[in-house]
Amino acid sequence: MNSIVDKAAAFDVRSWIRLEMMPHFLCPGCGHGMALRALLWALAELEADRDRLAVVSGIGCAGRLSAYVDANTFHVTHGRALAYATGLALARPDLTVVTILGDGDCLAIGGNHLIHACRRNLKITCLMLNNEVYGMTGGQVSPTTSAEMYTTTTPQGNAEPAFDACALAAAAGAGFVGREVTHHVPRLKELVKAGLSHPGFAFIEVLSDCTEIFGRKNELGSSAEMVMRQKSELRPSAYRDTVDTPFRPNQLPTGILSRNDRPEYGAAYRAAAAARRAGAAAMASAAGDPK
Amino acid sequence: MNAPDRPATRTSLRLLSGNHACALGAVAAGCRFFAGYPITPSSEVAERLSRLLPEVGGVFVQMEDELASMAAVIGASMGGVKALTATSGPGFSLKQENLGYAAGAEIPCVIVNVMRGGPSTGMPTRPSQADLMQARWGSHGDYPIIALAPASVREIHEQTIRAFALAETYRTPVVVLYDQVIAQLSETLELPRASDIPQVERRWASGPREHYRPYAPGDDGIPPMARPGSGYRVHTTGLHHSESGFPTQDPATVDRNLGRLLAKLERNREAIDAWQALWCEDAELLVVAIGISARASLQAVRLARARGVRAGLFRPITLWPFPEQALRAAAAGAKAVLVPELNDGQMRLEVERVLRAARVQGLHRSNGEPIAPAEIAARAEEMMKR
Amino acid sequence: MNDADLPLRGAPSAAPAAAREPVNVLIVGVGGQGVILVSKALAWLAQAHGFEVKQSEVHGMAKRGGSVFSHVRFGAQVWSPTIPRGEADVLVALEWAEGLRWLPYLKPDTGIFLADTKRIVPPFACLARRPGAPMRYSRETPAQVQEHVAEGYAIDATGMAEELGNERVSNVVLLGALSRALDFPEAQWERAVAEFVPKKTVAVNLEAFRQGREWIERSRLALPQAQAPAQPAASGSNCEVRLEITPGWCKSCDICVKLCPERCLRLNAERIAELAEPDKCTGCRLCEWLCPDFAIRVHLDPATAAAGEGQARP
């Protein structure tokens with residue numbers, strides 16, 4: 001059995017990024033790089049046509065990722081990526097539309113757009129990279145900052161409760177909701193693939209690490225330690241089925257968390273419009289009939 | 001008037017309100033996407049388009065808010081589809097964020113702003129002309145923009161069509177500004193035949209992909225745009241960018257691109273400027289007005305002439321960039337200039353800037369009542385007595 | 001020892017010599033291979049000889065492919081159910097890597113290592129372990145292993161079983177090999193085999209047992225201490241692993257260094273990641289996947305033909 005089928009070898013991330021933009025601007029150890037790899041890997045395995053791939057991103061560290069993808073990329077305004085993507089996806093149903101958002105981008109300034117994108121269920125794959133902090137502006141508290149964590153605007157520790165973005169998306173009606181850690185890149189890739197393959201709106205929360213700002217402020221250790229923590233204590237349910245007992249009770253479940261088969265909005269709209277046109281044509285021909 | 005000649009061929013007469021004429025004009029111009037949010041007094045534009053667009057294979061979507069509707073319009077246009085949104089003052093304020101993006105990233109789009117009173121919620125059902133400066137300077141930073149100011153239902157139809165032509169040609173947002181009175185005024189008009197309406201298309205990128213630079217100026221300073229799906233995989237950003245489209249902070253590069261951006265309308269002023277000048281040749285008193293105020297001014301000028309005052313009317317149709325040269329020419333013989341407007345002097349500021357030496361007065365009102373022709377005529381006569 | 005005391009019919013003629021101290025046999029493999037059958041047969045045989053026997057088995061996830069091991073201890077008196085580290089007299093491995101995993105349990109000076117060269121990649125041990133994928137797997141050659149054991153045998157039991165027409169009897173091939181290490185009479189061993197294997201397969205299992213036993217005999221005659229007839233896990237992989245590192249992209253975050261399961265990476269003087277110990281690299285790709293900077297690319301180049309041919313493969 002000398003012939004080896006190495007599916008992982010088939011994917012070289014360099015063939016999907018804009019080499020002239022490298023090295024990218026992310027801090028050392030930033031989890032967003034792993035998340036971007038998982039997205040590109042998923043697209044590659046689905047053999048996405050990058051000429052017809054549109055990546056729309058907002059503002060912030062996550063927002064800058066679109067510039068590295070060798071596709072049609074749009075780096076738009078803070079919080080509005082889903083609204084831009086809605087226009088793009090409705091106007092151009094032939095495109096595969098992916099958005100990359102940060103946690104503040106998606107849940108704070110863009111929270112309304114998220115809710116309604118979920119409700120509308122238009123075919124968009126939405127990645128929210130949750131690193132619990134506004135990294136690019138220097139480390140302010142975000143809607144997903146865990147309790148008691150220190151940020152530059154929570155000097156006494158965060159007293160606000162954090163959003164459960166997946167519960168929010170599911171409650172708002174998103175067709176597909178999932179969550180994964182960056183540590184488990186192949187698993188994240190599979191989740192993104194499932195999201196990309198879903199006919200409606202797919203919301204995927206990626207638990208990422210801000211090592212340089214959030215990690216340092218809260219003394220969470222080196223990049224490697226933060227990555228290991230994802231596995232050992234942070235959100236163990238990803239590993240629930242691979243070990244005999246969970247490391248600790250599951251806090252944030254991972255994997256595909258909810259899925260429904262509500263109609264995809266774009267297709268539903270086009271079908272209704274086509275029916276309307278057909279009806280109008282029938283009436284016109286009846287009116288034009290001399291009898 | 002240097003606006004394009006009205007087409008010779010006409011179809012049947014229609015009774016239409018300004019907002020409905022706007023919707024019909026948009027579809028006639030090839031608009032196939034509308035995103036909006038309900039707001040008085042512009043909602044009829046959305047309502048009409050929600051019926052019209054699906055009939056022609058377009059898309060109407062009512063978004064969750066004004067920001068989102070502006071964003072969706074830009075998104076659709078980035079996809080290569082002519083796109084429109086319509087709103088009023090409070091919504092126009094919210095749209096400024098993404099309008100700035102469209103200006104900076106050079107994404108064509110058309111924004112209709114049916115002006116109502118302000119500040120804030122103001123008087124939703126009353127006319128105003130107080131968004132002139134916001135239309136020019138509403139978003140942060142320096143950017144070029146076109147604003148058109150129709151004064152009748154027929155002109156709303158015509159200028160909406162023209163707005164798409166300008167947006168597509170110059171890769172810029174175009175604001176169509178009119179007030180509540182003509183928005184909801186119904187007038188009889190003849191609509192041009194569809195075949196008489198020129199379809200102006202965006203210039204799309206062509207040639208070898210590897211040589212394409214998304215923001216390299218063409219001959220006229222307007223870079224051809226890459227249509228998603230055509231094989232040019234480019235980056236679009238609201239950050240300052242180089243010709244490659246990627247972000248830059250290099251001062252020389254920013255100077256070059258921003259310089260081109262700010263100059264791109266200036267170097268095409270001949271095609272962009274539009275105005276109407278009536279009885280200006282011998283005018284000793286020039287009235288400068290737009291929209292409903294211009295309609296009152298026209299009657300006022302007639303009244304003043306009947307009483308022996310040589311009055312003339314200058315009406316900017318393209319409000320931004322402001323038609324300075326035409327105004328200077330029209331005001332060449334004027335001893336006094338009167339600017340009646342439904343705000344506290346926004347256009348007067350611009351007229352004063354253009355006509356530095358002339359005696360300029362404003363006739364300002366912001367209480368929701370239009371200015372009557374007799375008031376303008378009386379003020380004109382008074383100015384000439386001094 | 002008194003044969004008359006044996007409850008077994010047709011009692012064996014001899015018993016292991018070192019029975020005063022418990023004899024410790026550790027049998028390991030993966031789920032589905034028949035580790036338990038081997039240990040039960042041995043326990044039954046020892047019991048039949050009047051020894052106190054303790055057999056404790058742990059079958060991991062109890063799934064096919066999961067790690068399974070069984071401690072068999074017998075002697076005049078046995079207290080602890082499990083074999084302490086460094087105390088196993090014989091380590092029988094039905095799977096190569098499982099054998100290596102348990103090597104520290106073998107007596108350093110006298111322990112006997114009996115291992116099938118069969119390689120089964122455990123599904124949970126490595127992220128890339130899907131069928132046919134290049135595997136993170138032990139790279140030690142049998143020769144290297146034998147340097148660390150008193151007496152070692154790498155036997156292609158699975159291959160022999162396949163030739164007998166039933167791959168599943170490989171465990172009994174190893175039982176045959178084991179029979180040479182423990183001084184019970186051959187006939188009793190065969191009875192134990194017949195007692196535990198499915199009735200329909202008694203014949204083929206007995207043949208497997210004899211072949212395993214003969215293989216050890218031949219090996220001992222030929223080269224008592226260093227048998228490596230089939231170099232199964234010679235490279236541990238079908239490929240040569242090469243890391244392509246883009247120094248200009250590496251931001252020295254250290255994730256690859258710290259998370260490498262084999263710890264074969266390091267940051268060099270310029271704080272750029274480099275492969276410090278290529279021999280230890282198994283090509284698992286974890287560094288490539290976790291590098292946030294896309295600076296690492298793992299290449300699994302096909303191994304040179306000469307090294308790759310003629311070896312037993314799973």
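The following paragraphs lead through chain B, its contact with chain A, and one of its helices.

This is a predicted model, in which local features need pLDDT of at least 70 and side-chain atom pairs count only at pLDDT 80 or more, while totals for chains, interfaces and linings use all residues. Residues are numbered from 1 along each chain as its sequence is written, and chains are lettered from A in the order in which they are written.

Chain B has an average pLDDT (the predictor's confidence in each residue, from 0 to 100) of 94, and 97% of the residues score at least 70. Over residues 1-8 of chain B, however, the pLDDT is below 50, and this stretch has eight contacts in the model beyond near neighbours in sequence, a contact being two residues whose C-beta atoms, placed from the backbone, lie within 7 Å.

Where chain B meets chain A, 34 residues from chain B and 34 residues from chain A take part. On the side of chain B, H3(B) gives the most, with nine residues; helices (H or I, at least four residues) and strands (E, at least two) are DSSP runs, numbered from the N terminus. Strand E2 (residues 72-75) of chain A runs parallel to E9(B), joined to that strand by three bridges, and Phe74(A) has Thr236(B) as its bridge partner there.

Helix H6 of chain B covers residues 153-170. Because 17 of its 18 residues are buried, H6(B) is largely enclosed by the rest of the structure; buried means that 20 or more other C-beta atoms, placed from the backbone, lie within 10 Å of the residue's own. After H6(B) comes Arg171(B), with a positive phi near 50°.

Technical notes
Expected span 1.5 Å × (residues − 1). Buried ≥ 20, exposed ≤ 12 C-beta atoms within 10 Å, placed from the backbone. Pairing = 2+ DSSP bridges.
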